[in-house]
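I opened my notebook for another look at a model on the screen. Here is what I looked up, in the order I got to it.

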Protein chains: 2
Amino acid sequence: MAYTYEFPRPALTVDCVVFGLDEENLLKILLIQRNLAPFENQWALPGGFVRIEESLETAARRELVEETGLENVFLEQLYTFGSCDRDPRDRVVTVAYYGLVNLWEYRLKAATDARDTRWFAVADLPPLAFDHEAIVQLALTRLKGKVRYEPIGFELLPEKFTLTQLQRLYETILEQELDKRNFRKKILKMNLLIQLDEYQTGVSHRAARLYRFDPEKYRNLKKKGFNFEI
Amino acid sequence: MAYTYEFPRPALTVDCVVFGLDEENLLKILLIQRNLAPFENQWALPGGFVRIEESLETAARRELVEETGLENVFLEQLYTFGSCDRDPRDRVVTVAYYGLVNLWEYRLKAATDARDTRWFAVADLPPLAFDHEAIVQLALTRLKGKVRYEPIGFELLPEKFTLTQLQRLYETILEQELDKRNFRKKILKMNLLIQLDEYQTGVSHRAARLYRFDPEKYRNLKKKGFNFEI
DNA sequence: ACAAAAGTGTTGCTTCTACACCCATGC
DNA sequence: GCATGGGTGTAGAAGCAACACTTTTGT
């Protein structure tokens, strides 16, 4: 039950910064409360050790399921953090991922899990364990940058959404207001959205039309040199 | 002289994709010839094991010096490769970096080193060890993407360069021709270049004016919301 | 009828693209 | 004097930013 190597090896972990957007357009991150030292009882990113027989992304997905119940989320590698002192016990290198989930559909799922997990607004995060604050900062920067030139924002919305929801999403992430008419013109001209014959329900005002993002169309346009840009 | 852990740990390495641009505007990568199994005698990216007391970037820089003699190069983390079968002997996770060097000045230095190192044109790479082809591909994609919205291209040029050299650099990396007048207008309007009172020497035609990139100006403009873009 | 958000066009301005000729230098 | 690349301006097209009112629906 022990593994011996000629040279010392850092431990290898994965950590996930999972973003969600709630009904009030607050950008949130999923955290878990640690029940082990160090940083016992502090909030931390979901994550854990990479097993010897699994790839990094597999490890990240496994930890997400185990710790938060989230499955099939959009997940991309963010950065690898390897300073020597980031874990007080041991040399631990962590490969960080960022994820995007649709909070409208996933909220209940995550809540049913055994571990103490919670969504926190990014503007109002508790102190985090290890260097997780730095990881979150980098994830935010990456999200802000990437959302402008890749159509990943749709991962944060339900499959069918209104143009106003989409606009609010960009306004929240980019932290700037956008002009309604210009936004709609721009996004519709790209031809990436499918206009549905369905409308919002349960709102006390004129119901907005629903749209769906078409990843297939995007792949095709991209092959022809099209560049998404907000 | 042995290190024992409760759970098995992947080995951790770093690898560097170092780009250089030669006098004929060929984009090149620095490779070393392996003298150990596996992949003995094959070409590979410079790199090696991360020591327990050094950070990832420190390890990358150390390996670069040891294996190629290159020092003080621009270096940025690229991606971490961790599939289980990427090394036939053992589970090895590698953190890849990409680097940019000024070939005009560094060419001799690298050549003086003991190991068998060589610059290869990216269009004409030999077969590479491990998954290094994939790493190189990703580095190329990243370089192509990043060079457009961050002024990193200057790292590939001598400190003093002509606008034509700069234009050729972009044409090479982006793999597209650019209009001379439009390019010059655009780049000069950004106010990032310092016009020198010096000119090319040793050319058999009108000597071109030399310019220098001003990183200080760039930092200032960036703080004020300026975005570099080619 | 009122409140709340949906939906829709035009104009001026800026930026981008396309394009051709004279200039300076070394041989 | 010729070959080589250096250096420069303009016009038309496209894209961007700014801006306000009517429509629909629920209460």
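**Charges, a sheet and a loop**

I began with the surface of this predicted model, and found a positive patch made up of A:Arg148, A:Lys180, A:Arg181, A:Arg184, A:Lys185, A:Lys186 and A:Lys189. Which element gives the most to the patch? I noted helix 5 of chain A, residues 180–189, with 6 residues.

I picked A:Lys189 for a closer check; this residue sits in helix 5 of chain A. Is A:Lys189 buried or exposed? Its relative accessible area is 70%, and exposed means over 50%, so I wrote A:Lys189 down as exposed.

Next I turned to a sheet in chain A. I found 3 strands in an open, antiparallel sheet, and their order is 9-11-10. I marked strand 9 (160–161) and strand 10 (193–199) of chain A as the edge strands, since each pairs on one side only. Strand 10 runs antiparallel to strand 11 (residues 209–213) of chain A, with 4 bridges between them. Which residue stands opposite A:Leu193? I found A:Phe213, in strand 11 of chain A. A reminder to myself: strands of a sheet pair through backbone hydrogen bonds.

My last stop was chain B. B:Asp87 lies in the loop that links strand 6 (74–81) and strand 7 (92–101) of chain B. I asked whether B:Asp87 is buried or exposed. Its relative accessible area is 6%, and buried means under 20%, so B:Asp87 goes down as buried. I also took its distance to B:Glu6: the two are 81 residues apart along the chain, and their C-alpha atoms are separated by 23 Å.

Key: Residues numbered from 1 in each chain as written. Chains lettered and ligands numbered in written order. Predicted model: local features only at pLDDT ≥ 70, side-chain atom pairs only at ≥ 80, totals over all residues. Heavy atoms only, no water. Pairing = 2+ DSSP bridges. Helix = DSSP H or I, 4+ residues; strand = E, 2+ residues; numbered from the N terminus. Patch = residues over 30% accessible without salt bridge, like charges linked within 9 Å, V, L, I, M, F, W, Y side chains within 5 Å. Areas by Shrake-Rupley, 256 points an atom, 1.4 Å probe, with all protein chains shown as cover. Salt bridge = Lys/Arg side-chain N within 4 Å of Asp/Glu carboxyl O. Lys, Arg positive; Asp, Glu negative; His and termini not counted. Charge placed at Lys NZ, Arg CZ, Asp CG, Glu CD. Buried < 20%, exposed > 50% of the residue type's maximum accessible area, 1.4 Å probe, protein only.
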